[in-house]
Amino acid sequence: TTTTNNNNSSSLWPTNVEFSNNYKWDPTVPPSVKDKYSPPGKTRQRAPRHSNRVYFRKITDRDHPAHGEFGLYCAIEHATPGMWLLDYVGLVMLGEDQDKESDYVSDFGEKSELACDANGYGNEARFLNDFRNTGKHPNVEFNTRRDKNGELRQGVYVKLKKDSKTEGFDGIRRGEELLVSYGKSYWRSRVGNLTDFVWRMPGRPMPEGGKPKV
């Protein structure tokens, strides 16, 4: 798939992931469910372009819990509280059919009855990292919305001031990493005890001795 934008990060796109800004629906999803969220004949086909509001790059900070992997960053001067940045896109399937081993699954649907998996298909929102052990609070969150054609989209939004735990939060500046909360259930299914897993609390300095050895 050809992708175009003004961000140099587009050349870093993984070759094993198909880039798209459109949802792909698994054939096992009943038509009645799909049509409710993606109205037939009305769904807009979005061009395969990277967002100009964000960019992704390899994380070089050795103290970062995702060092060596990709992170998603703010590409505009000031992303204000409540601003929409991009949509989380992937393969949509029934919740019970989701790949339990995928690290790119998000709940989807008005009742979270579906799952959206960006493991092999999606856009740069797949590079959003969890805030845990970064020393920071989440600065973005997922919220569903309907576009003008009635399609349900899972948006990535800058947190509102009232919802942020960061003192004096006023949005996100250019070059800051976008951090979300994957949710406690995500981590419990992977690491078990969260108390043992979290070694750096938001707002706290790096522990003496640095990041625990894996």
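Guide: A residue counts as buried when its relative accessible area is under 20%. The model here is a predicted one.

Visitor: Why is Asp147 called buried?

Guide: Asp147 has a relative accessible area of 11%. The cut-off is under 20%, so Asp147 is buried. Asp147 sits in the loop between strand E12 (140-146) and E13.

Visitor: What makes the approach of Asp147 to the backbone nitrogen of Glu151 a polar contact?

Guide: A polar atom of the Asp147 side chain lies 2.9 Å from that nitrogen of Glu151. The limit for a polar contact is 3.5 Å, so the distance fits.

Visitor: Why is the pair Arg153 and Asp87 called a salt bridge?

Guide: Their side chains come to 2.9 Å, N to O. A salt bridge needs a side-chain nitrogen of Lys or Arg within 4 Å of a carboxyl oxygen of Asp or Glu, so this pair qualifies. In general, side chains of opposite charge can pair when their charged atoms come close.

Visitor: What does the pair Arg153 and Asp87 tie together?

Guide: Arg153 belongs to strand E13 (residues 152-158) and Asp87 to strand E6 (residues 84-87), so the salt bridge joins parts that are 66 residues apart in sequence.

Visitor: How do you know whether Arg153 and Asp87 are buried or exposed?

Guide: The relative accessible area is 1% for Arg153 and 4% for Asp87. Set against the cut-off of under 20%, Arg153 is buried, and Asp87 is buried too.

Visitor: What makes Glu151 and Arg153 a salt bridge?

Guide: The N to O distance between their side chains is 3.4 Å. That is within 4 Å, so the pair counts. Both residues are buried.

Visitor: Which residues are linked with Glu151 and Arg153 in a network of salt bridges?

Guide: The network also takes in Arg46, Asp87, Arg145 and Asp147. In the whole structure, a search finds 12 salt bridges. One of the salt bridges joins Asp130 to Arg132, with the closest N and O atoms 2.9 Å apart.

Visitor: Why are Asp130 and Arg132 called buried?

Guide: Asp130 has a relative accessible area of 6%, and Arg132 has 11%. The cut-off is under 20%, so Asp130 is buried and Arg132 is buried.

Visitor: How many disulfides does the structure hold?

Guide: Zero. A disulfide would need a pair of cysteine sulfur atoms within 2.5 Å. As for the cysteines, Cys74 is buried at 1% relative accessibility, and Cys116 is buried at 1%.

Key
Residues are numbered from 1 along each chain as its sequence is written. This is a predicted model: local features need pLDDT of at least 70, side-chain atom pairs count only at pLDDT 80 or more; totals for chains, interfaces and linings use all residues. Side-chain values use heavy atoms; hydrogens and water are left out. Helices (H or I, at least four residues) and strands (E, at least two) are DSSP runs, numbered from the N terminus. Buried means under 20% relative accessible area, exposed over 50%, partly exposed in between (1.4 Å probe, protein chains only). A polar contact is a pair of N or O atoms within 3.5 Å; within protein, one must be able to donate a hydrogen and the other to accept it, and residues adjacent in sequence count only if both atoms are side-chain atoms.
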